[in-house]
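I opened the notebook to walk through this chain from the whole down to single residues. Here is what I looked up, in the order I looked.

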Amino acid sequence: MRILFVGDIFGRPGRQALRDWLPRFRSERDVDFVIANAENSAGGKGLTAEIAAELFDMGVDVLTGGNHSFAQRQDLDIFDADERILRPANLPEGTPGRGLGIYSAGEARVAVLNLMGRAFMKPIDCPFQAAKRLASEALAATPILFVDMHAEATSEKVALAVYLDGRATAVIGTHTHVPSADARVTEKGTAAITDVGMTGPFGGVIGVRAEIVLEQLIVGMPVRHEVAKDDVRVCAILIDLDAATGRARSATPLCIPDFIRERNAPPMPELKVQVHLWRRDEAGRTLFAILQRTPAKGELWQPITGKVDPGESPEIAALREAREETGVEARPDDLSPCLWVHPWSRDGREFAEHVFALRCDSADLALSGEHQAHAWLDLDNALARLEFEGNRQGLLKARDWIAARKSSP
Ligand SMILES: [Fe+2]
Ligand SMILES: [Fe+2]
């Protein structure tokens, strides 16, 4: 099972970036459940009913909060009215809403607990005492427990992850808006990261326009915060887990697009995939699917090809491109390992094309608008039909792999 946690969504730029990215990522990566921290989603502070509906509509299942949860006072009733909206559980009694929720995700149930730290923050009840009590309550209902620890101090967030080690599926830090580089899965199966980072504009100062923050810091006069606009990124963490035990298997932090770490460096090659779809006919011969592009694209014949999207591995991209271009719903087991990386360039752009073979049972393909025809051909005819040398070499790698696979026990 896969659960995605999205870091503090900041204002309209953060919401827009999430809308552009999440629906496709969710379906392509088979994400079962999405949790997002929404304390900054309305103009940088708080959450409104309208924005909560917008976030649910783009594929978020549960919204967590923090110190800014109640900044939009006109819409405070959403915290009592909607079980999918959480606020920190260790706020004083009488605060609107709840800090723990248990939700259905297919066959599984997912508990989400929202807590807030005390170091360098307003005084509130002890998050560790709250965690002790509420984790037990949650774990009585389901082994899957996600904790959003909204806190300023890294030490307090690390301490909570240690405190819940082996009990929580994931302890995810929010609030600082700066992603930390310590995503991990412990031996006891708890995934943790000190801060997942912000989904919003990194061009300002943690989401706010830089001039305003600098004025406040340098002169100390009161200012009105405004949402920055530049350098918008999605920060999230994808947790793969065993739904039966609630133990995490992997924690993959995502920053989309990734930060630029070197200026004026030669560009990294763009990742592509080349997928040779193959099947055996009734006589046991190996046939390869070759696709013909439309007249606008020169009617040339090629295998399945495409770009690797941000956050995708070449393997995932190969399965997605096969689905998009031919309608083939392949299992990961049908895909070969990467057989060759073909380097090529065009118009000053460098590409690294990862070559795969993909087994398919049916001869029927559902082509996308990119291609007008397809043919199932044996090796020699396929080689003769392919336009590019890189595709022919890729096909030979696929043939070699299929032959080796056949002869192995
Ligand atoms: Fe925040
Ligand atoms: Fe916060």
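My entries follow, starting with the overall picture.

**Entry 1: the whole chain**

I began by reminding myself that this is a predicted model. Along its principal axes, I find that the C-alpha trace spans about 75 × 50 × 35 Å. Next I looked up the secondary structure, which comes to nine helices and 19 strands. Of the 409 residues in the chain, 43% are buried. I also checked how far apart in sequence the contacting residues are. Taking contacts between residues at least 6 apart in sequence, I get 66% that join residues at least 24 apart.

**Entry 2: two domains**

How is the chain divided? I have domain 1 at 2–256 and domain 2 at 270–407. Their centres, taken over C-alpha atoms, are separated by 40 Å. I then looked at where the two touch: five residues of domain 1 are in contact with four residues of domain 2. On the domain 1 side of this contact, α1 (11–28) and β12 (248–256) each supply at least two residues. Sorted by class, that side of domain 1 has three nonpolar and two charged residues, and no polar ones.

I stayed at the end of β12 for one more check. The peptide bond from I256 to P257 is cis, and I note an omega near -5°. P257 itself lies in the loop between β12 and β13 (270–280).

**Entry 3: helix α2**

I picked α2 (residues 49–57) to see how a helix sits in this chain. Which of its residues are buried? I find I51, A52 and L55. They are on the same side of α2, because they cover an arc of only 105° around the axis. On the other side of the helix, I see E50, A53 and D57 exposed.

What do the buried residues of α2 pack against? My list has two strands, β2 (33–37) and β3 (62–64), together with helix α3 (78–81). Just after α2, I came across G59, which takes a positive phi of about 110°.

**Entry 4: strand β11 and its partners**

I turned to β11 (232–241) next. This strand is mostly covered, with eight of its 10 residues buried. I went through its pairings one at a time:

- With β1 (residues 2–6), β11 runs antiparallel, and five bridges join the two. As a marker, I noted that V6 has A236 of β11 as its bridge partner.
- With β10 (residues 200–201), the pairing is also in the antiparallel sense, over two bridges. Here I noted that G200 is partnered by R233 in β11.
- With β12, I count eight bridges, again antiparallel. My marker for this pair is C235, whose bridge partner in β12 is C255.

The link between β11 and β12 deserved its own look. The two strands form a hairpin with six residues between them. In the turn I found G246 with a positive phi of about 80°.

**Entry 5: helix α6, for contrast**

Is α6 (210–219) mostly covered or largely in the open? The number of buried residues among its 10 is zero, so I put α6 down as lying largely in the open. Just after this helix, G220 takes a positive phi of about 80°.

**Entry 6: positive phi outside glycine**

With the glycines noted, I looked up residues other than glycine that have a positive phi. One of them is D231, with a phi near 55°. D231 lies in the loop between α6 and β11. Is D231 exposed, partly exposed or buried? I find 14 C-beta neighbours inside 10 Å, so D231 counts as partly exposed.

Another is D347, where phi is near 50°. I place D347 in the loop between β17 (340–346) and β18 (349–359). How many other C-beta atoms lie within 10 Å of D347? I find 4, so D347 is exposed.

**Last entry: looking back**

Rereading my pages, I keep coming back to β11. The strand is mostly covered, and the loop that holds D231 lies between α6 and β11. β12 is joined to β11 by eight bridges, and β12 also supplies at least two residues to the side of domain 1 that touches domain 2.

Methods
Residues are numbered from 1 along each chain as its sequence is written. Chains are lettered from A and ligands numbered from 1 in the order in which they are written. This is a predicted model: local features need pLDDT of at least 70, side-chain atom pairs count only at pLDDT 80 or more; totals for chains, interfaces and linings use all residues. Domain bounds come from an automatic or database domain assignment. Two residues are in contact if their C-beta atoms, placed from the backbone, lie within 7 Å. Helices (H or I, at least four residues) and strands (E, at least two) are DSSP runs, numbered from the N terminus. Ala, Val, Leu, Ile, Met, Phe, Trp, Tyr, Cys and Pro count as nonpolar, Asp, Glu, Lys and Arg as charged, and the others, Gly among them, as polar. A residue is buried if 20 or more other C-beta atoms lie within 10 Å of its own, exposed if 12 or fewer, and partly exposed in between; C-beta atoms are placed from the backbone. The arc is that of the directions from the helix axis to the C-beta atoms. Two strands pair if DSSP finds at least two bridges between them.
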